[in-house]
Amino acid sequence: MKALKYFSILILPIVVYISFTSKVWLTHLPAIVFFGLVPFLEFFIKPNKENFTKDEEKLEKENKLYTYLLYLTLPIQICFLIFFFYAIQEPNLTNGEITGRIFAMGIMCGVIGINVGHELGHRNNRFDEFIGEILLLTSLNTHFLPYHNGGHHYNVATPKDAATARKNEILFIFWIRSHFTSYFQAWSLENKRMKELGRSWFHHQNRMVIYTLCNIILLVSIYLIFGQFVLFAFLAAAISGIILLETVNYIEHYGLLRKQNEHGRYERVKRNHSWNSDHQVGQVLLFNLSRHSDHHYNGSKHYQLLKSLPESPQMPTGYPGMMLLSFFPPLWFWVMNKKLKQIS
């Protein structure tokens with residue numbers, strides 16, 4: 001079955017379990033696998049540009065296994081978060097081992113908490129969206145949904161979008177601009193929605209109010225049950241997950257701009273307004289997120305149905321490799337500015 005390849009995401013909890021139960025270099029195994037082994041493999045595995053036929057697409061759209069796998073990530077994420085609270089308190093851990101376990105949890109927060117939360121947050125039913133909200137809460141990134149759906153998808157590839165990296169913008173500056181601007185815009189979008197409904201901003205239907213209360217309750221609960229050290233470790237893991245998200249945001253739309261007409265209106269979002277990657281390993285581990293061009297063309301399309309099309313600008317390698325490249329701005333600009341020139 002075509003859906004089974006996405007179960008390879010279970011590699012992540014396996015290597016994180018090894019990190020939480022091991023010492024020395026094995027605590028860094030998730031980072032070694034996802035940012036060492038995966039980019040290495042993608043140099044040798046041919047990109048997959050194949051799309052479903054119309055008949056296959058109809059069948060796979062109805063295949064619930066794809067969605068059940070997303071549901072499965074929720075208990076995995078919660079169990080590993082609780083596991084982390086105990087694993088990080090193990091006596092006699094070195095600073096390197098603590099760092100390894102924190103980043104292992106951070107990868108869980110980024111890949112499962114935020115990425116799967118993003119996929120479910122696009123679904124048109126409240127149950128899926130609610131699971132997505134819980135996953136995002138485990139990464140302290142609940143504001144992502146109001147901004148992403150109501151701001152990013154509307155303003156992508158324009159200067160108005162916090163999550164679109166500008167040409168020659170340095171990654172580390174982008175992290176700060178994107179995260180905090182999107183947070184404030186999430187509040188603005190929800191407050192505007194409340195005003196249109198004739199309600200006060202401080203209303204239980206304002207998602208940012210509820211999300212903020214949930215974040216506070218989670219943090220206070222961790223402090224009261226596990227103490228200050230575990231709280232700070234969790235904050236560090238959540239920030240790691242958010243940094244992974246913002247790095248992905250950076251590479252997905254870097255330097256791309258939609259055209260404006262004489263009235264100042266931007267053209268509709270097309271498949272050439274996001275960078276695409278068909279490198280198979282990262283593609284499968286991130287639930288087809290790297291077919292990002294088609295995702296922005298149709299945000300409600302389920303991950304297994306996303307297509308690779310010739311008009312989409314192509315990254316030279318997969319997401320993990322491109323994320324590593326972005327940490328070296330001069331090299332990133334040298335590679336990607338040439339790509340921008342080719343597609344302009």
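1. A good place to start in this predicted model is a helix pair: T67, Y71, T73, L74, Q77 and I78 of α4 touch F127, D128, I131, I134 and L135 of α6. Sorted by class, the residues of this contact are seven nonpolar, three polar and one charged. Among the residues taking part are L74 and I78 on the α4 side, with I131 and L135 on the α6 side.

2. The geometry of that pair is worth a look too. Helix α4 covers residues 65–87 and helix α6 residues 126–137; their axes come within 10 Å, with a crossing angle of roughly 30°. The crossing of α4 past α6 is left-handed.

3. Next, please turn to helix α2 (residues 29–42) and helix α13 (residues 319–326), whose axes come within 8 Å and cross at roughly 115°. This crossing is also described as left-handed. From α2, the contact takes in F34, F35, V38, P39 and E42, while α13 brings Y319, P320, G321, M323 and L324. Eight nonpolar residues, one polar and one charged make up the contact of α2 with α13.

4. You may enjoy the surface as well. A nonpolar patch there consists of I170, F172, I173, F327, F328, L331 and W334, and together these residues have about 690 Å² of accessible area. Two elements, α8 (171–196) and α14 (329–343), each give two or more residues to the patch. One of the patch residues, L331, sits in helix α14.

5. Finally, a word on charges. Side chains of opposite charge can pair when their charged atoms come close. The model has a count of 17 salt bridges. Included is the one between the side chains of R207 and E190, with an N to O distance of 3.1 Å. R207 belongs to helix α9 (residues 207–226) and E190 to helix α8, so this pair ties together parts that lie 17 residues apart in sequence.

Notes
Residues are numbered from 1 along each chain as its sequence is written. This is a predicted model: local features need pLDDT of at least 70, side-chain atom pairs count only at pLDDT 80 or more; totals for chains, interfaces and linings use all residues. Side-chain values use heavy atoms; hydrogens and water are left out. Axes are lines fitted to C-alpha atoms, for helices over the stretch in contact, and angles run from 0 to 180 degrees between N-to-C directions. Helices (H or I, at least four residues) and strands (E, at least two) are DSSP runs, numbered from the N terminus. A crossing is left-handed if the near helix is turned anticlockwise from the far one by less than a right angle, and right-handed if clockwise. Contact means heavy atoms within 4.5 Å. Ala, Val, Leu, Ile, Met, Phe, Trp, Tyr, Cys and Pro count as nonpolar, Asp, Glu, Lys and Arg as charged, and the others, Gly among them, as polar. Patches are made of residues with over 30% relative accessible area and no salt bridge: like charges are joined within 9 Å, nonpolar side chains (Val, Leu, Ile, Met, Phe, Trp, Tyr) within 5 Å. Accessible areas come from the Shrake-Rupley method with a 1.4 Å probe; for residues, only the protein chains shown count as cover. A salt bridge is a side-chain nitrogen of Lys or Arg within 4 Å of a carboxyl oxygen of Asp or Glu.
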